Amino acid sequence: MFLLYEYDIFWAFLIISSLIPILVFFISGVLAPISKGPEKLSSYESGIEPIGDAWLQFRIRYYMFALVFVVFDVETVFLYPWAMSFDVLGVSVFVEAFIFVLILIVGLVYAWRKGALEWS
């Protein structure tokens, strides 16, 4: 039987966690000073007049470099639990982790050969 009163803590947590961001945004909107001027509407607020357009095109190489970094950062997140519980899980998990690392090494070699790791 589904009893709603068993979920009182969940509903209280959900309501409180929803109200806190709403209240923070409302209070900051009421208390924050509003001063719109030409300096505030400028692209940069460093005191230097902006030169040219704010839209600049970046090379795709920078995005590829960041993507490769994220892939290997996520790799460490997956390998850490395997390393911490290696004595409990045994050799089969070691083989799976080894295959996982081999796939990532193949991806790294591919990205290296394509020039995705070249910064300039």
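In the predicted model, tryptophan 11 has a relative accessibility of 41% and is therefore classed as partly exposed. Phenylalanine 10, with a relative accessibility of 45%, likewise falls in the partly exposed class, since that class covers values between the 20% limit for buried residues and the 50% limit for exposed ones. The rings of phenylalanine 10 and tryptophan 11 are paired, with centres 5.1 Å apart and planes inclined at 70°, so that the arrangement is edge-to-face; the angle satisfies the criterion for this class because planes over 60 degrees apart count as edge-to-face.

An aromatic pair is also formed by phenylalanine 86 and phenylalanine 94, for which the centre-to-centre distance is 5.9 Å and the angle between the planes is 70°, again an edge-to-face geometry. Of these two residues, phenylalanine 86 is partly exposed at 43% relative accessibility, and phenylalanine 94 is assigned to the partly exposed class at 46%. A search of the whole structure returns five aromatic pairs, and a single aromatic cluster is made up of Phe78, Trp82 and Phe100.

The residues of this cluster also appear in a helix-helix contact, in which Phe78 and Trp82 are contributed by α2 and Phe100 by α4. Helix α2, spanning residues 60-84, packs against helix α4, spanning residues 91-114, at an angle of about 170° and with the two axes 11 Å apart. The two helices are therefore roughly antiparallel, because angles over 145 degrees are placed in that category. Besides Phe78 and Trp82, the α2 side of the contact comprises Val68, Val71, Phe72, Glu75 and Leu79, while on the α4 side Phe100 is accompanied by Val93, Ala97, Val101, Leu104, Leu108 and Ala111. Classified by residue type, the contact between α2 and α4 includes 13 nonpolar residues and one charged residue, with no polar residues; the charged residue is Glu75 of α2.

With regard to the overall fold, the secondary structure of the protein consists of four helices and zero strands, giving the pattern α-α-α-α along the sequence. Of the 120 residues in the protein, 8% are classed as buried. Among contacts between residues at least 6 apart in sequence, 55% connect residues that are at least 24 apart.

The unreviewed UniProt entry lists residues 12-34, 62-83 and 89-112 under "transmembrane region". In the model, the span of residues 12-34 is 87% helix and 0% strand, and the C-alpha atoms at its ends are separated by 35 Å. For residues 89-112, the helix content is 96% and the strand content 0%, with the end C-alpha atoms 33 Å apart.

Conventions: Residues numbered from 1 in each chain as written. Predicted model: local features only at pLDDT ≥ 70, side-chain atom pairs only at ≥ 80, totals over all residues. Heavy atoms only, no water. UniProt positions renumbered as here; feature names shortened; annotations may be inferred. Axes fitted to C-alpha atoms, helices over the stretch in contact; angles between N-to-C directions. Parallel < 35°, antiparallel > 145°, perpendicular 65-115°, else oblique. Contact = heavy atoms within 4.5 Å. Phe/Tyr/Trp six-rings, centres within 6.5 Å; stacked < 30°, edge-to-face > 60°. Buried < 20%, exposed > 50% of the residue type's maximum accessible area, 1.4 Å probe, protein only.
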